[in-house]
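The following exercises are to be solved with the sequence and the coordinates at hand. Each task is followed by a solution that goes step by step.

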Amino acid sequence: MRIVIIGAGLAGLLCGRTMSAAGHDVTLLDKGRSPGGRLATRRLGPARLDHGAQFFTVRSDNFAAYVQRWQHDGLVHEWCRGFTPSGDGFPRYAVAGGMNRLAKHLAEGLDVRCNTLAFAVRPGAGCWEVQLDDNSVLPADALVVTCPLPQSFSLLVSSGVELPVDLRQTEYDRTLSILVTLDRPGAVPAPGGLQNPNDVFSFIGDNVAKGASSHPALTFHAAAEWSESHWDDPRDDITAALLGHAAPWIGDASVLEVSPKRWRFATPRTIWPEACWFDDSGPAPLVLAGDAFAGPRVEGAALSGLAAAASLASGR
Ligand SMILES: Cc1cc2nc3c(=O)[nH]c(=O)nc-3n(C[C@H](O)[C@H](O)[C@H](O)COP(=O)(O)OP(=O)(O)OC[C@H]3O[C@@H](n4cnc5c(N)ncnc54)[C@H](O)[C@@H]3O)c2cc1C
């Protein structure tokens with residue numbers, strides 16, 4: 001099959017690798033500059049900072065098998081066992097050099113076309129036709145769409161596929177954040193991560209402590225409520241406000257550079273009861289997948305991508 005996967009985040013990449021290993025002709029499309037989606041790492045001066053997912057946990061045997069392999073390959077390491085002084089005993093994993101390295105690793109050997117926006121999906125003769133932003137059309141004997149759901153739905157408006165109402169109503173929390181580089185280490189206590197330290201922040205991450213950066217650099221993610229209520233503020237006001245709130249964790253260090261980031265579709269608020277959504281009412285199979293299906297986190301995205309591959313293989 002010629003399989004087109006829209007979205008080269010973790011869900012799309014794991015689906016793509018699985019279908020490619022099974023001998024299919026797989027093409028991944030992503031509007032971003034590099035694969036990874038919310039597995040995002042940014043270079044700022046001499047530092048590297050994770051600005052999407054900060055770490056991941058492992059709850060299923062299926063995902064554990066992948067993580068074990070990535071650990072064996074030296075890509076992934078255990079960062080800590082919780083963000084309170086005594087921890088909670090459950091491993092939190094990070095990626096050496098930043099989370100995006102995992103995406104790049106998974107993209108190796110796959111046909112991943114970045115800077116490529118899928119614009120619309122239409123029914124063709126025995127296949128789906130994916131229209132790209134340069135007006136070219138890619139035929140697909142099976143189509144997998146792994147974008148955050150509101151983006152997937154706008155792509156599918158002309159597809160003729162009837163999407164379940166509950167799925168169409170999925171909403172996402174937003175996240176405002178700042179990336180900060182410092183002239184010396186900041187004041188985030190060991191192990192270098194803080195979860196929900198107050199009403200403003202949902203996470204504060206020390207990129208050196210988790211092995212993303214060799215230069216002092218902190219990531220501050222604003223809590224969902226704070227992000228929602230400041231979303232339309234001018235960018236400079238958001239940056240100044242977050243930087244002010246960040247002061248206790250910057251400590252005595254001097255700020256070298258600050259970069260704000262807005263995640264419109266950070267976290268799905270509701271999760272679909274199945275690990276992906278399969279439909280064969282159109283000219284060819286269509287699967288929707290991503291973290292809105294198997295859990296609003298890295299592991300959920302991975303499991304959904306694998307479920308999408310399994311449902312294409314089994315035809316249901
Ligand atoms: C700020 C933040 C912090 C987080 N922290 C954590 C954490 O600490 N631990 C954890 O486990 N999870 C965390 N998450 C969640 C985790 O990052 C996601 O659950 C996971 O990465 C989602 O993967 P995905 O493949 O489902 O979607 P995505 O990674 O969003 O991939 C979808 C891809 O689709 C592409 N796309 C969209 N529309 C189009 C189009 N029309 N054409 C082409 N491409 C398109 C996008 O560019 C994107 O690359 C966090 C998320 C955010 C935003």
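**Exercise 1.** Which residue is the bridge partner of I178 in β16?

*Solution.* Two conventions come before the steps. The model is predicted, so local features require pLDDT of at least 70 and side-chain atom pairs pLDDT 80 or more, while totals for chains, interfaces and linings use all residues. Residues are numbered from 1 along each chain as its sequence is written, and side-chain values use heavy atoms, with hydrogens and water left out.

Step 1. Locate the strands, which are DSSP runs of E with at least two residues, numbered from the N terminus, as helices are runs of H or I with at least four residues. Strand β12 comprises residues 172–182, and β16 covers 255–268.

Step 2. Establish the pairing, for which DSSP must find at least two bridges between two strands. Between β12 and β16 there are 10 bridges, and the two run antiparallel.

Step 3. Read off the partner: I178 is bridged to P260 in β16.

**Exercise 2.** Determine the strand order of the five-stranded sheet and identify its edges.

*Solution.* Step 1. The five strands form an open sheet, ordered β13-β14-β15-β12-β16, with antiparallel pairing.

Step 2. β13 (193–195) and β16 each have a single partner strand, so they stand at the edges and one side of each lacks a neighbour in the sheet.

Step 3. From one strand to the next, the twist averages 15 degrees; axes are lines fitted to C-alpha atoms (for helices over the stretch in contact), and angles run from 0 to 180 degrees between N-to-C directions.

Step 4. Inspect the loop between β12 and β13, where P191 lies. The peptide bond from A190 to P191 is cis, with omega near 10 degrees.

**Exercise 3.** Describe the six-stranded sheet and the pairing of β17 with β18.

*Solution.* Step 1. This open sheet has mixed pairing and the order β7-β2-β1-β11-β18-β17.

Step 2. β7 (111–113) and β17 (277–279) are the edge strands, each pairing on one side only.

Step 3. β17 pairs with β18 (residues 286–288) in the antiparallel sense over three bridges. Within this pair, D279 has L286 of β18 as its bridge partner.

**Exercise 4.** Which residue takes a positive phi in the hairpin of β8 and β9?

*Solution.* Step 1. Five bridges pair β8 (residues 118–123) with β9 (residues 128–132) in the antiparallel sense. P123 stands opposite W128 in β9.

Step 2. Four residues lie between the strands of this hairpin, and G126 has a positive phi near 70 degrees.

Step 3. For comparison, consider N135, in the loop between β9 and β10 (137–140). N135 is a residue other than glycine with a positive phi, near 75 degrees.

**Exercise 5.** Characterise the surroundings of the ligand and its polar contacts with the backbone.

*Solution.* Step 1. The ligand is surrounded by 31 residues (each with a heavy atom within 4 Å). The closest are D30, R38, F55, D291 and V298.

Step 2. List the polar contacts, which are pairs of N or O atoms within 3.5 Å. A ligand nitrogen is 2.7 Å from a polar backbone atom of F55, and a ligand oxygen is 3.1 Å from one of Q54. A backbone N or O atom of R297 is 3.3 Å from a ligand oxygen.

Step 3. Of the 1000 Å² of accessible area that the ligand has on its own (Shrake-Rupley method, 1.4 Å probe), the protein covers 92%.

Step 4. The elements giving two or more residues to the shell are α1 (10–21), β16 (255–268) and α9 (298–314).

Technical notes
Polar contact = N/O pair within 3.5 Å; in protein donor to acceptor, adjacent residues only side chain to side chain.
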